[in-house]
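This report looks at charged side chains and strand pairing in one protein chain. The sequence and the structure come next.

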Amino acid sequence: TIARLANHKHVMFYMHDSSLQKALSKLNWIGEIKEFDGDYLHINDSNFAGGKTNLYVEQAVTQEITLQNGVVKKKISIEYKNPQAFNIWLNGINRDYVRFYVPNGSELVSAKGFDEDVATHEDLGKTVFETFLTVRPQNSRKAVIEYTVPYNPKGEYKLLIQKQPGAKDFTYKVKVNGSQKADFKLDQDKEFNFGL
């Protein structure tokens, strides 16, 4: 049970013993943001004063990757849904501070569907796009962010998607140049190699 929960990022470990911590890192049980030679995505949602609304909010994420003249353009669309009513236990307005961890050097092109402008900074060796949005009960919301990635794939497109520790297994779709390459639930970190 502990191994299953750790593999699905519902349990994380931190040890003072560095050799033990390194062994747990190899199992991917410590929740670290990984270095990766390719494209990368980690979406991190933080509930700010929104009760326990994460119990009810669902997400569906679509990544659209376009390769054109040696430039990689990404469009990430997230549909947030809370189908439950206000009178359900601890439900209310989900106030979400959302961060997109992407390859270092990525540049924001556009963003829509958020409550605030998107800020850009660097953290943990990644470029981070961060902003806020709210999702009300019995409502849905779509947010879209577009950016370029400093990645030049050769023959295959390498992509790592890291799951947020403790999050539900949200649905993901990945499209490359308009062709759907993957449709899955993000129940743990996923690495892909798509032929070009």
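K163 has a relative accessibility of 1% in this predicted model. Buried means under 20%, so K163 counts as buried. Its salt-bridge partner is D169, with 2.9 Å from N to O. D169 has a relative accessibility of 30% and therefore counts as partly exposed, since the partly exposed class lies between 20% and 50%.

Side chains of opposite charge can pair when their charged atoms come close. The structure holds seven salt bridges, and the table gives three of these pairs, with the N to O distance.

| Salt bridge | N to O distance |
|---|---|
| K163 and D169 | 2.9 Å |
| D189 and K9 | 3.0 Å |
| K190 and D187 | 3.3 Å |

The salt bridge between D189 and K9 links distant parts of the chain, as the two residues are 180 residues apart. D189 lies in the loop between strand 11 (179-185) and strand 12, while K9 lies in the loop between helix 1 (2-7) and helix 2 (18-26). Both D189 and K9 are buried.

K190 forms a salt bridge with D187. The relative accessibility of K190 is 23%, which is not under the 20% limit for buried, so K190 counts as partly exposed.

R99 is a charged residue without such a partner. It sits in strand 4 (residues 94-103) and is buried, yet it has no salt bridge. Which side chain of opposite charge is nearest to R99? That side chain is E130, 5.3 Å away; a salt bridge requires a nitrogen to oxygen distance within 4 Å, so this pair does not qualify. The side chain of R99 does have polar contacts: one of 2.8 Å with the side chain of N44 and one of 3.4 Å with the side chain of S46. Leaving aside residues up to four places away in sequence, R99 touches H42, I43, N44, S46, V128, F129 and E130.

N44 and S46 fall within strand 1 (residues 39-47), which leads to the pairing of that strand. Strand 1 runs parallel to strand 9, and four bridges join them. Within this pairing, Y40 has L160 of strand 9 as its bridge partner. Strand 9 also pairs with strand 12 (residues 190-195), here in the antiparallel sense and over six bridges. L160 takes part again, with E191 of strand 12 as its bridge partner. Strand 9 (residues 156-162) is mostly covered, with five of its seven residues buried.

Methods. Residues numbered from 1 in each chain as written. Predicted model: local features only at pLDDT ≥ 70, side-chain atom pairs only at ≥ 80, totals over all residues. Heavy atoms only, no water. Buried < 20%, exposed > 50% of the residue type's maximum accessible area, 1.4 Å probe, protein only. Pairing = 2+ DSSP bridges. Lys, Arg positive; Asp, Glu negative; His and termini not counted. Polar contact = N/O pair within 3.5 Å; in protein donor to acceptor, adjacent residues only side chain to side chain. Contact = heavy atoms within 4.5 Å.
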